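Look at the model shown here and follow the chain from one end to the other. The paragraphs after it begin with a single residue and work outward.

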Amino acid sequence: MAGGLLMSAAAAALLTAAIPAHNPSTSFEDPPPDKIVIKVATVNGSGCPQGTAAVAVSADNTAFTVTYSDYLAQAGGNSDPTASRKNCQLSLLVHVPQGFTYAIASADYRGFASLRPGATGTQRASYYFQGSPSTAFRTHTFSGPHDDNWQATDETDWAQLVYAPCGVQRNFNINTELRVSAGSTAPDQVSFMAMDSTDGDISTTYHMAWKECPED
């Protein structure tokens, strides 16, 4: 999980939710008074079949949550080889109050993993605004034996926050991926990694930073 998230000039930047003192104009603790509206333009991928991913915006406009109900990768035993990698691509329409813009300030992922000795599970994500010339990736790897919840956070610092262009509607794209390798220690045993769980859906939360656009 170590290392910074390298961002292109047009890519969405990420920041840990635990932040020091900063300028209120760029604080996700001080969002615009009007509500934002986030709609899913498209959702595609083996990890989010139709009807299994939902997006909700927090009441204070500082975050939105993606909830998955069928996002699981597995390997080993009699698992289908295609089951070892699952992905989901979300393209979101984000309508913000006039005069404001936003950046994605942090991303928190949670799920459950059952990894046998020698097995590995990988969660990968990328974030970019529509029209971005390049994509930034962040990867988190978990090793077996592991039979518990997992959590990963993508982060950078305030100086690298990149905001959506003011006055222009650009879709925000999130690509996530889960991979599982059974390894050579216990390849006859099934290992899996999920962004869902047997006792309820697992939510992925994206925190938002806000600032006012410059006047024309």
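Apart from neighbours within four places in sequence, Asn 175 is in contact with Cys 88, Gln 89, Arg 124, Ala 125, Ser 126 and Tyr 128. This is a predicted model, and the contacts are read from its atoms. Asn 175 sits in strand β10, which covers residues 172-181. Is Asn 175 buried or exposed? Its relative accessibility is 17%, and buried means under 20%, so Asn 175 counts as buried.

Now turn to Asn 44, which belongs to strand β1, residues 37-44. Along the sequence, Asn 44 and Asn 175 are 131 residues apart, yet their C-alpha atoms are 9.6 Å apart in space. Not counting residues up to four places away in sequence, Asn 44 touches Asn 87, Cys 88 and Gln 89. Cys 88 and Gln 89 also appear among the contacts of Asn 175. The relative accessible area of Asn 44 is 47%; partly exposed covers the range between 20% and 50%, so Asn 44 is partly exposed.

Strand β10 also holds Glu 177. With a relative accessible area of 11%, which is under the 20% cut-off, Glu 177 is buried. Which residues does Glu 177 contact, leaving aside its neighbours within four places in sequence? They are Tyr 71, Arg 85, Lys 86, Asn 87, Thr 122, Gln 123 and Arg 124. One of these, Asn 87, is 90 residues from Glu 177 in sequence, while the two C-alpha atoms are 4.2 Å apart. Asn 87 is also touched by Asn 44, and Arg 124 is also in contact with Asn 175.

After β10 the chain enters a loop that leads to β11 (191-194), and Gly 183 is found in this loop. Gly 183 has a relative accessible area of 30% and is partly exposed. Beyond its neighbours within four places in sequence, Gly 183 is in contact with Gly 118 and Ala 119. Between the C-alpha atoms of Gly 183 and Pro 117 there are 8.1 Å, although 66 residues separate the two along the chain.

These residues can now be placed in the whole chain. The chain has zero helices and twelve strands, so that every element in the order from the N terminus is a β strand. Taking contacts between residues at least 6 apart in sequence, 82% join residues at least 24 apart. Of the 216 residues, 47% count as buried. The accessible surface comes to about 10,300 Å², and 48% of it belongs to carbon and sulfur atoms.

The model also has pockets to look at. The largest pocket holds about 300 Å³ of space. The elements giving two or more residues to its lining are β5 (85-95) and β6 (100-115), and β6 provides the largest share, three residues. In total 19 residues line the largest pocket, and Phe 100, Pro 165, Cys 166, Gly 167 and Val 168 lie nearest its centre. What kinds of residue make up the lining of the largest pocket? It divides into eleven nonpolar, six polar and two charged residues.

Last comes the confidence of the prediction. The mean pLDDT of the chain is 76, and 75% of the residues reach 70 or more. Over residues 1-29 the pLDDT is below 50, and this stretch has 87 contacts in the model beyond near neighbours in sequence.

Technical notes:
Residues are numbered from 1 along each chain as its sequence is written. This is a predicted model: local features need pLDDT of at least 70, side-chain atom pairs count only at pLDDT 80 or more; totals for chains, interfaces and linings use all residues. Side-chain values use heavy atoms; hydrogens and water are left out. pLDDT is the predictor's confidence in each residue, from 0 to 100. Contact means heavy atoms within 4.5 Å. Helices (H or I, at least four residues) and strands (E, at least two) are DSSP runs, numbered from the N terminus. Buried means under 20% relative accessible area, exposed over 50%, partly exposed in between (1.4 Å probe, protein chains only). Accessible areas come from the Shrake-Rupley method with a 1.4 Å probe; for residues, only the protein chains shown count as cover. On a 1 Å grid over the protein atoms alone, a cavity is a set of points where a 1.4 Å probe fits but cannot get out, and a pocket is an open set with protein on both sides within 12 Å along at least five of seven lines; lining residues have an atom within 4 Å of a point. Grid points are joined across faces, edges and corners, and a volume is the space filled by probe spheres set on the points. Ala, Val, Leu, Ile, Met, Phe, Trp, Tyr, Cys and Pro count as nonpolar, Asp, Glu, Lys and Arg as charged, and the others, Gly among them, as polar.
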